[in-house]
Amino acid sequence: MRRQRLRDRPSVLVLAGRLVALLVGAALVWYGLMTLLLAVKVKPATVNSLSGYRTAYNWISGLTPADVGGSTTRAIIAGAGVVAFLLFGYIAVKQLPRPYLARRDLPLGSDDRGEFRIEPRAVERLAEIAAARHPEVGGARSRYSVDDLSVDLTVRRARNVAATLRETQERVAEALAEHELPTMPVNVTLTGYDRRDRRELR
C-alpha cells in the first residue's frame with residue numbers, strides 16, 4: 001500500500017494568523033538588527049532615529065495611573081483588550097493543524113495490460129445514489145477513505161431513524177457488491193432531517 005499524504009485545509013483565518021506571525025517575526029529581525037548596530041558602537045541617537053526604541057521606552061515608562069483617567073477611557077481600553085484577546089486567541093486556535101489523508105484510487109486488479117482503478121468520486125457517487133433510493137432519505141453525501149466508506153444522511157422524518165440508517169447501510173453494501181467492488185466497512189451517520197417535517201418530533 002502506498003504511503004498516504006497528509007494535507008491541510010487553508011482558510012482566511014489561517015492566512016491571517018500567518019500574516020501576524022510574519023509581522024512579529026519581521027519586528028524581531030528588525031530590532032535584532034538594531035541591537036547589532038548598538039553592539040558595533042553605532043550612536044544610540046542614530047539607532048533611535050531608525051527604530052524609535054528609546055522614544056517608545058521613555059513614553060511607556062513615563063505613564064502613570066493619572067494618564068489613564070476617567071471611567072470611559074478605562075472601559076474602552078478594557079474592551080479593546082478583551083476583543084484583542086478573543087480575536088487573536090481564535091486565530092491562534094485556527095493555526096492548529098487539522099490534516100487529513102489524501103484520497104487515492106481504489107485498485108480493482110491488474111493484468112499484463114496494466115492496472116484497473118476506480119476514482120474515489122465514482123465510489124462516493126455510487127454510495128450516494130444507493131442511499132438516496134431509500135424512501136426515508138432526503139439527501140446523502142459520502143466520502144471514500146483508505147479503508148472505509150462514510151455516508152452522511154439527511155432523513156425526511158425523525159421516526160424510525162435507526163431502521164433507516166441500518167437499511168441504508170445495507171443498500172450501500174449491496175450496491176458495492178452488485179458493481180463487483182471490494183467489500184469495505186460502510187459507516188452511516190445521521191447529519192440532519194428535513195425541516196418541513198418538524199411535526200414528526202412531537
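The following paragraphs describe the strand pairing and helix packing in a predicted model.

The sheet considered here is open and consists of 3 strands in the order β5-β6-β7, with mixed pairing. Its edges are formed by β5 (137-144) and β7, each of which pairs on one side only, and the twist from one strand to the next averages 20°. Strands β5 and β6 run antiparallel and are joined by 7 bridges; within this pair, Arg141 has Asp152 in β6 as its bridge partner. Strand β6 (residues 149-155) and strand β7 (residues 186-193), by contrast, run parallel, and 7 bridges join them. In this parallel pair, Ser150 stands opposite Asn187 of β7. The connection between β6 and β7 passes through helix α6 (residues 161-178), giving a β-α-β crossover that is right-handed.

Two helices pack on this sheet. Helix α5 touches β5 and β6, and its direction makes an angle of about 155° with that of β5, whereas α6 is in contact with β5, β6 and β7 and makes about 135° with the direction of β7.

The two helices also pack against each other: α5 (residues 120-132) and α6 lie with their axes 8 Å apart, at an angle of about 135°. Because this angle does not exceed the 145 degrees above which a pair counts as roughly antiparallel, α5 is classed as oblique to α6. The crossing of these helices is right-handed. Their contact brings Val123, Leu126, Ala127, Ala130 and Ala131 of α5 together with Thr168, Arg171, Val172, Ala175 and Leu176 of α6; by class, the residues involved comprise 8 nonpolar, 1 polar and 1 charged.

A further helix pair is formed by α1 (residues 12-39) and α2 (residues 44-51), whose axes come within 10 Å of one another and cross at roughly 170°. The two helices are therefore roughly antiparallel to each other, given that angles over 145 degrees are assigned to that category. On the α1 side the contact involves Trp30, Tyr31, Met34, Leu37 and Leu38, which meet Pro44, Val47, Leu50 and Ser51 of α2. The residues of this contact divide into 8 nonpolar and 1 polar, with no charged residue among them.

Note on methods: Residues numbered from 1 in each chain as written. Predicted model: local features only at pLDDT ≥ 70, side-chain atom pairs only at ≥ 80, totals over all residues. Heavy atoms only, no water. Pairing = 2+ DSSP bridges. Helix = DSSP H or I, 4+ residues; strand = E, 2+ residues; numbered from the N terminus. Right-handed = clockwise from strand over helix to strand, strands pointing away. Axes fitted to C-alpha atoms, helices over the stretch in contact; angles between N-to-C directions. Parallel < 35°, antiparallel > 145°, perpendicular 65-115°, else oblique. Left-handed = near helix turned anticlockwise from the far one by under 90°. Contact = heavy atoms within 4.5 Å. Nonpolar A, V, L, I, M, F, W, Y, C, P; charged D, E, K, R; others polar.
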